[in-house]
Amino acid sequence: MTAPLVDLSVHHAPKGVSDAVALGFTKLLRFTADTFFAKRYGHRAVVLETVAAVPGMVGATINHLTCLRRMCDDKGWIKTLMDEAENERMHLMTFIEVAKPTAFERFVVVAVQWVFYLFFFALYLISSKTAHRVVGYFEEEAVISYTHYLAELDEGRSPNGPAPEIAKRYWNLPADATLRDVVMVVRADEAHHRDVNHSFANEIAGLPTGDIAPCPPHEELKPAWKSAA
């Protein structure tokens, strides 16, 4: 399976105060991550993917409850956001195999996840447009980070070992797939999430939604009892 090409030039220019706030908040988190992790991209991925998996679940939950109250159709938003949350979780499960998190990093994950979950839940209730714009900017930064990770692998500064089995199964990668192949499909996933969330924010604001980067095909995860049925 070949990862789709990613347009690295995509950037949503802020339109209004809420977009500027979303971008500023994202840049602050980017500075914090760069300071804390430097070029330890595997460890950065472990911690940040635990955060990246939160918005999709929050958005799906709030949209689900809203549609129940209003007795209206969700226009496909709930499943899209649930799929995003699941996809980000699989990124985490993959990079846990690549960079074994330390006890301190596990503590950081727990602390950051609780703080970010509560913050994002409140933000989504106050302004779902701003919340989706934040995620769109998050994913822009994720594409940049994974592009830097690819450069580290290509230039030999990070070892390009074999792809974890969980990644080969999830993205249907060949048996001889490497970490570079994994980073390529993960980056393509992030580009897809980037465009989806900017489009959601645009739709809420009444703006054109724009093009969506293709998402790499991956395994449909099912519980054991459903697979056996």
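A helix here is a DSSP run of H or I at least four residues long, numbered from the N terminus. Keep that in mind for the helix names below, and remember that this is a predicted model.

**View 1. The second largest pocket and what α2 gives to its lining.** With 7 residues, α2 gives the most to the lining of this second largest pocket. Helices α2, α4 and α7 (179–205) each chip in at least two lining residues. The volume comes out at about 420 Å³. There are 18 lining residues, and N63, T66, C67, R70 and W77 are the ones closest to the pocket centre. Sorted by class, the lining of the second largest pocket splits into 9 nonpolar, 3 polar and 6 charged residues.

**View 2. The largest pocket, zoomed in on its centre.** About 720 Å³ of space sits in this one. Look for L29, A33, L48, V51 and F138, the closest to the centre among the 31 residues that line the largest pocket. The class tally for this lining is 22 nonpolar, 3 polar and 6 charged residues.

**View 3. The largest pocket again, this time by helix.** Four helices, α1 (17–37), α2 (41–70), α4 (103–126) and α5 (128–154), each supply at least two residues of the lining of the largest pocket. Which helix has the largest share of that lining? That would be α2, with 9 residues.

**View 4. Where α4 meets α5.** The axes of these two helices come within 5 Å and cross at roughly 130°. That crossing is why α4 counts as oblique to α5. On the α4 side, the contact is made by F116, F120, L123, Y124 and I126. On the α5 side, look for S128, T130, A131, H132, V134, V135 and F138. By class, the contact of α4 with α5 has 9 nonpolar and 3 polar residues, with no charged ones. F138 may ring a bell, since this α5 residue is also one of those closest to the centre of the largest pocket.

**View 5. A close-up of D195 in α7.** Is D195, which sits in helix α7, buried or exposed? D195 counts as buried because its relative accessibility is 8%, and the cut-off for buried is under 20%. So what does D195 touch, leaving aside its neighbours within four places in sequence? The contacts of D195 are V10, D211, I212 and A213.

Technical notes
Residues numbered from 1 in each chain as written. Predicted model: local features only at pLDDT ≥ 70, side-chain atom pairs only at ≥ 80, totals over all residues. Heavy atoms only, no water. 1 Å grid on protein atoms, 1.4 Å probe; cavity = no way out; pocket = protein on both sides within 12 Å on 5 of 7 lines; lining within 4 Å. Points joined across faces, edges and corners; volume = space filled by probe spheres on them. Nonpolar A, V, L, I, M, F, W, Y, C, P; charged D, E, K, R; others polar. Axes fitted to C-alpha atoms, helices over the stretch in contact; angles between N-to-C directions. Parallel < 35°, antiparallel > 145°, perpendicular 65-115°, else oblique. Contact = heavy atoms within 4.5 Å. Buried < 20%, exposed > 50% of the residue type's maximum accessible area, 1.4 Å probe, protein only.
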